[in-house]
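Open the model in a viewer and keep the sequence panel visible. The stops below go from one chain to the other.

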Amino acid sequence: MSLLCGNGVGVSLIEVKNLSVIYGSRIALSKVDLKIEPGEIVTVVGPNGSGKTSLLRAIIGATPLAAGVVKLKPDIKIGYVPQRLNFNSSLPMTVKGFMELAHNGGNKSTLMALEEVGVSSIMSQQMSQLSGGQFQRVLLARALINTPEILLLDEATQGLDQPGSAAFYRLVEDARQNTGCAVLMISHDLHVVMSASDRVICLNGHVCCAGTPEVVASAPEYKQLFGMETERTLALYQHRHDHDHDIKKSHADP
Amino acid sequence: MLDDFMIRAGLAGIGLAFAAGPLGCFVVWRRMAYFGETISHAAILGVALSLMLQVSIFAGALVVALLVAWTVNLLSERGYAIDTLLGVLAHSSLAVGLVVVSFLSGIRIDLMAYLFGDILAVSRLDLVIIWGGALLVLILVFWRWSPLLTVTLNEDFSYASGFNPKREKLLLTLLLGLIVAVAIKVVGVLLIVAMLIIPAAAARTLARTPETMAILAGIIGAASAVVGLRAAFVLDTPAGPSIVCIAAAFFLVLNIVGSFKSFQA
């Protein structure tokens, strides 16, 4: 009767069944099923307005469900990295203070979390004065400081340039290696998605196709949604590897 | 000591400032200034109703302020265009309040006392109400400090760490209602928001953490109350507006000093 104990994989961290989310008369998501197991990296891709953010917000309980269930592992620890934080400059807050708001384990754990993402030197800086890349790293450190079982990333590299977002995703990968946490992320960076994920879910109001990156990449539904975009991304990628980075730098240093 | 009306006025101003400082910081951080205006303008309707029904002004203002606060909070969650809605509520309740007052014959009512406060007429009972309300605001803000700050940063942070930001938002709104009711006697409905925003904005130039900003806002507000009262006494000017003028002067001076410092740096 060992079958009663489950399917052998253990308890899923997140189980979404038949989920629908409706805003007024607009159906954002319909009949979405999703399961996240411990330690896996799952990426959700999809065009604008395909319900990616709604899915994430439904999982954390920030948006009401029109139908279906979202089952979280009891007492699950979630590390959440939002798309963008409009940090109001009227709010004075140091990086240290920001970290301690999520976790009051003292200086040492704050320092360690910041070190993990390579920004321990900015601990006493004001949050409103960080660069885009530093800010996203601090957000990641904040999400990691409570040793979460799952990281939720909502287009966490928006506004970063290509090397910046590649470095960011390496940090996410490192975090998974070091802590064994699962990762559920929304991403626009298709080339990153394909290399770094265990599973990809292609969303367009409903789940178009899902599976390993190779399976999804060759699925006709995926090509239909992203065929054009993939080419454009590659074009942009090459364009951005101009050497204007160095030129800017020499301008900045008098 | 409390027999002297100036002492009572000073204590009333200090009590209000200590609570309005930290609460005002949240108003600044969350851009709730217009929200505060709406609640305070609605309070004049509460004043009118309590004059009509012959109940305590404080109680009437408190009930209406809390009701409006709660309503606006509810409507904002439903996704109404909040700016317009606040404008409609703020000015229509002010207008209705003024009309209701005009119907009250018999006693002639000095509306100025409610619009701009009457701090020199603060009684011992008023002092108890002001300090009681101020302490309640301070205790609740202190108790919910971290969750309130987290909601201010990002509501989804709150959801992800397992608590509902709606509760914190409701708390802030209700505290605004309470502080408005408490402040009517001190600075009046038209200048309450000034006591929330100006000390907080002045404190921003000096603070590096939210905690120091909240404490400094309380201190700057209290200093404004004391200096403003003294100025009103010497120059024979209206007390409430004088207090706000001093707070504005603090804001101006601190900002000028602050921008000089950042030039040097």
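Two strands count as paired if DSSP finds at least two bridges between them. Helices (H or I, at least four residues) and strands (E, at least two) are DSSP runs, numbered from the N terminus. This is a predicted model, in which local features need pLDDT of at least 70 and side-chain atom pairs count only at pLDDT 80 or more, while totals for chains, interfaces and linings use all residues. Residues are numbered from 1 along each chain as its sequence is written, and chains are lettered from A and ligands numbered from 1 in the order in which they are written.

**Stop 1: the hairpin.** Select residues 199–203 of chain A, which are strand β8, together with β9 (207–211) of chain A. β8(A) and β9(A) pair in the antiparallel sense over four bridges. L203(A) faces V207(A) of β9(A) across the pair. The hairpin has three residues between its strands, and G205(A) there takes a positive phi near 80 degrees.

**Stop 2: the whole sheet.** Widen the selection to the six strands of the open sheet in chain A, ordered β5-β6-β7-β3-β8-β9 with mixed pairing. β5 (78–81) and β9 of chain A stand at the edges with a single partner strand each, so one side of each has no neighbour in the sheet. From one strand to the next the twist averages 15 degrees. In a regular strand, side chains alternate between the two faces of the sheet.

**Stop 3: the β5 edge and the helices on the sheet.** β5(A) pairs in the parallel sense with strand β6 (residues 150–154) of chain A over four bridges. Centre on G79(A), which stands opposite L151(A) of β6(A). Next show helix α4 (residues 132–144) of chain A, which lies across β5 and β6 of chain A and runs at about 170 degrees to β5(A). Helix α5 (residues 162–179) of chain A packs on the sheet too, touching β3 (41–45), β6 and β7 (182–186) of chain A, and its direction makes about 170 degrees with that of β6(A). Axes are lines fitted to C-alpha atoms, for helices over the stretch in contact, and angles run from 0 to 180 degrees between N-to-C directions. Contact between two residues requires their C-beta atoms, placed from the backbone, to lie within 7 Å.

**Stop 4: I59(A).** Is I59(A) buried or exposed? I59(A) has 23 C-beta neighbours inside 10 Å and therefore counts as buried. The cut-offs are 20 or more other C-beta atoms within 10 Å for buried, 12 or fewer for exposed, and partly exposed in between, with C-beta atoms placed from the backbone. I59(A) is found in helix α1 (residues 52–60) of chain A. Leaving aside residues up to four places away in sequence, I59(A) touches I14(A), V16(A), V70(A) and L152(A).

**Stop 5: where the chains touch.** The contact takes 18 residues from chain A and 19 residues from chain B. On the chain B side, α1 (5–29), α7 (145–153), α8 (155–160) and α11 (210–235) each supply at least two residues.

**Stop 6: two helices of chain B.** Select helix α2 (residues 33–53) and helix α4 (residues 82–103) of chain B, whose axes come within 8 Å and cross at roughly 20 degrees. α2(B) and α4(B) are therefore roughly parallel to each other; angles under 35 degrees count as roughly parallel, over 145 as roughly antiparallel, 65 to 115 as roughly perpendicular and the rest as oblique.
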